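Trainee: Could you take me through one strand and its neighbours in this model, slowly? I'd like to hear how the pieces connect.

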Amino acid sequence: MPDIRIEATINGRKIARAAKPHQRLIDFLRDDLNLTGNKEGCGAGECGTCSVFVDGVLMKSCLMPVAKAHGATIDTVESLAKTGELSVLQQAFHKAGASQCGYCIPGMVMAATAALRANPFADREEIKERLGGNICRCTGYQKIIDAVELARDVQNGRLPAAALAEEEHAEGDFIGKNVRRIDAPSKVTGRLKYAGDMTMPGMLHVQVLRSPHPHARIVSIDTTAAEVMAGVEGVITAADVPGQDGFGVFVNDQPVMARGKVRYVGEAVAAVAAEDPLTAKRALAAIKVVYEPLPAVFDPFDAMRPGAPVLHDYAPDNITKHIPIRVGDVEKGFAESDLVVEENYSTQAIEHAYLEPEAGLAYVDPDGVVTIVSPSQNITHHRHMLARIIAKPISKVRFIMSPVGGGFGGKEDMIYQGMLALLAMKTQRPVRLVFTREESIASTAKRHPSRTTLRMGLMRDGRINALALKMICDGGAYGLSTEGVMRKAAILGAGPYAIPNVRVDTYGIYTNNTPSGAFRSFGALQTQFATESHLDICAERLGLDPFAIRRINALRDGGMTHTKQKLGKVSLARVLEAAEKASGWEAGAPNSRGGTRGDLDRVDTRPPVSLGARFAGEDKQEAAE
Amino acid sequence: MLICDEYITPSSLADAFAAMTRHRGRYRVVAGCTDTLPWAREGRAGDVEIPVLIDVSRIPELIARRVDDKRVRLGAATPVQRFLDVPELARALPAGPRCAVWFADDQIREQATVGGNIVNASPAADVTPCLIAHDAEVELARSENGAVARRRMSLTDFVQGPGRTALQEGELLTAIECDALPAYGGSFEKVGHRRSLVISVVCLAALVKLDAQGRRVEDARLSIAGIGPKPLRLSEVENFLRGAPLDTGRLEQAAEMPVALVASRTRQEYRRDVVRGFMLRGLVNAAKRAGADPAALSAELETAYA
């Protein structure tokens, strides 16, 4: 594979370097020039974290073979604040609080820069349209758009430069004040290093061999051919685990790599550390794994039936966790109710899709301390588990939490850190693993898909007399956070309502699907989706306004939850009032309006999503002609 | 991951054909690469080893364009963004800017090429219906005894089905030629799962030319994609509208005509609803941009579909 020659002007400096013909511009910028402000969020042009100016035109560097950069002038996010002084847009992002995890932000700043270059007077809708190629998962877009509008107005002289300065507040006075984030400058400039941006001298690159089967016995793994390949420094399988294998947030049922059998498509089976990622990939292809496929189960109801395939010996009924809650006498409550309504609700698996795919760097320090740098959301627990897995005293295991480019619960699991530790120990060199987006989606936790049967007994005046809720969740192949998710789903399942008779059962079930785990709200979403949807249906049946039925049943100050927690202050009444006001809610039962209603299409509600904001002036002109 | 041993960027058509001959059976032609790179990833083609990539995006002839009031000639490697930012092109292809604004995003449009969208032959291609409505022809070139031999065919015939075209081994799509229709009002309607970076579930290009009073349809051009294996020209509907008065009833009848053509593998019922709505919206928007008499269309229709 002969190298190609790249001569280009990058951030104002001439470069002349060799590159591999298969490299993309993003690889060249990040790996060869260490310009890591350009992030790789998806590698498929979907997210915009890698945008750079090529001859003054913004493009996605993950979609560009490096050969196209030959002779070009390239400006990356690093060029915007080259001397350390933030550009107006970067200052506006800082001021507006338009950075949270920060992983999408360099790309957002670049797209905003391009948008205001294309039209310095772009209105909010046009800004949104021109930033359409960039995804953010945590900031929430509003502040990003606010920041672009602020920068536009400062650039156009409609606002003074002072508008970019921090608002004054007294020393130590933060609550209710607009306080700027300390780490925002590092994020808007792309200077902040996430785990995948970090390098060490002598560092090796890790790739993971993953299971193509949902359920199979591993008959044999032959790594000999991979071991002898030039450039391969270490190959590991479950056999390399020196201590007691197994991790999880509640139950340690998941081995670092599949041990004896695989339980889901995408489960790690072996890993390779090599001089470069391509060599590591080729070594994976040389590992021979013989599988004996086993019957698999993909539906939690099927998994609960007698005779279903069993995933884990310790759980012959495939139940990861059952959480029951009992208050009062539910059957009596139904019998005494004026109306009993039963419905079924389901929710699907959801991927967190944080913009930073999992990545980690590990090394053994001069004192023999196995050190893992990764965006782990749970480093202390990981440290304890890893010490047991690699049979070292806790003082010889160190976890460093790198900036988390979005987590939402999805980085609580020690999915890959164990492999990094083993490879660092085996090779005695620094090793780095960076997931692809596809790998992240295939191998890490999802929100639990759920199916809930909810039965509610109510009095004619709207009071809830009894609630019975049974939720079955697909926990996937391993326990991860399932137990905690089932617990919180049960605790919060009946909602913030005073109900005398309650029966809640939540079940997390093992299946051969991708494991489910922690995800924002941690189980509350699934049960409350059922409870709140149900309340609307019941309101309709009783001819009540949905806000009214909630007020009738709301827990009040000093009330007791159905898990016997005494509440001091309950803010529900305030929340309902604020929601009712903000939505411009038209009072009445859900079915009281017929085909039209007065609270839609108001001037302050968002219009339907469309494109073409940049033609708005043109259309007005056409109308005038 | 896309792995290659050699990446060739020819600077002339002759060099490109020489490279194609030299590496026969071992190469793939690329231009913007915005489809090829995502294709070579897990879940689609996976890791792909192609010994030689031949990048035609810098061949002068492939990025040249000629536009006048009668005809448009576009080099096949013209980036889609030019539909939006070249005023004379926007004037000659009235649905072009709105087609482009729905195509991927501002950044990808700078790389993705018109020819690439055509050659990919996706049933949901956005650029293809836009050009079919202009009676587009494709120009195909090959090397024959050291000279460049060319042939032409209509774009409708060139695209044969999902991923299938009439392009032959050793042949390159070099240019697209089509009618310039500056007197027409244009619209492009598209729906997908999100706003930017989305593949069309249905998309429709509509062009309407009206008489001086804005009350009679002198000509209509309609092409739709996403409802079957390849983009379609809606000639029957065009004939039904041509010469007819511009009125709500006629447009509603026209909107019903292509509903029966929906032959996609999935979501047929949804697509039928979309086709009906898009036909009305596309025709109303195009007619308005063509200078429709405001009295010609019912206010109800305008608010519902504008």
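Mentor: Sure, let's begin at a turn, keeping in mind that this is a predicted model. Look at B:Gly214: its phi is positive, near 70°, and it belongs to the hairpin of E14(B) and E15(B), where six residues lie between the strands. Those two strands, E14 (residues 202-210) and E15 of chain B, are antiparallel and share eight bridges. If you want one pair to click on, try B:Ala206, whose bridge partner in E15(B) is B:Leu222.

Now follow E15(B) onward. There's another hairpin here, formed by E15(B) and E16(B), again with six residues between them. In its turn sits B:Gly226, with a positive phi of about 90°. The pairing with strand E16 (residues 232-233) of chain B is antiparallel too, with two bridges. One pair to check is B:Ile224, which has B:Leu232 as its bridge partner in E16(B).

What about the surroundings of E15(B)? Seven of the nine residues in this strand (residues 217-225) of chain B are buried, so the rest of the structure largely encloses it.

Zooming out, chain B is split into domain 1 (2-55), domain 2 (60-179) and domain 3 (185-305). The C-alpha centres of domains 2 and 3 of chain B are 22 Å apart. Where these domains meet, 21 residues of domain 2 of chain B contact 26 residues of domain 3 of chain B. H9(B) gives the largest share of the domain 2 side, four residues. By class, that side has 14 nonpolar, four polar and three charged residues.

Definitions and conventions
Residues are numbered from 1 along each chain as its sequence is written. Chains are lettered from A and ligands numbered from 1 in the order in which they are written. This is a predicted model: local features need pLDDT of at least 70, side-chain atom pairs count only at pLDDT 80 or more; totals for chains, interfaces and linings use all residues. Domain bounds come from an automatic or database domain assignment. Two residues are in contact if their C-beta atoms, placed from the backbone, lie within 7 Å. Ala, Val, Leu, Ile, Met, Phe, Trp, Tyr, Cys and Pro count as nonpolar, Asp, Glu, Lys and Arg as charged, and the others, Gly among them, as polar. A residue is buried if 20 or more other C-beta atoms lie within 10 Å of its own, exposed if 12 or fewer, and partly exposed in between; C-beta atoms are placed from the backbone. Two strands pair if DSSP finds at least two bridges between them.
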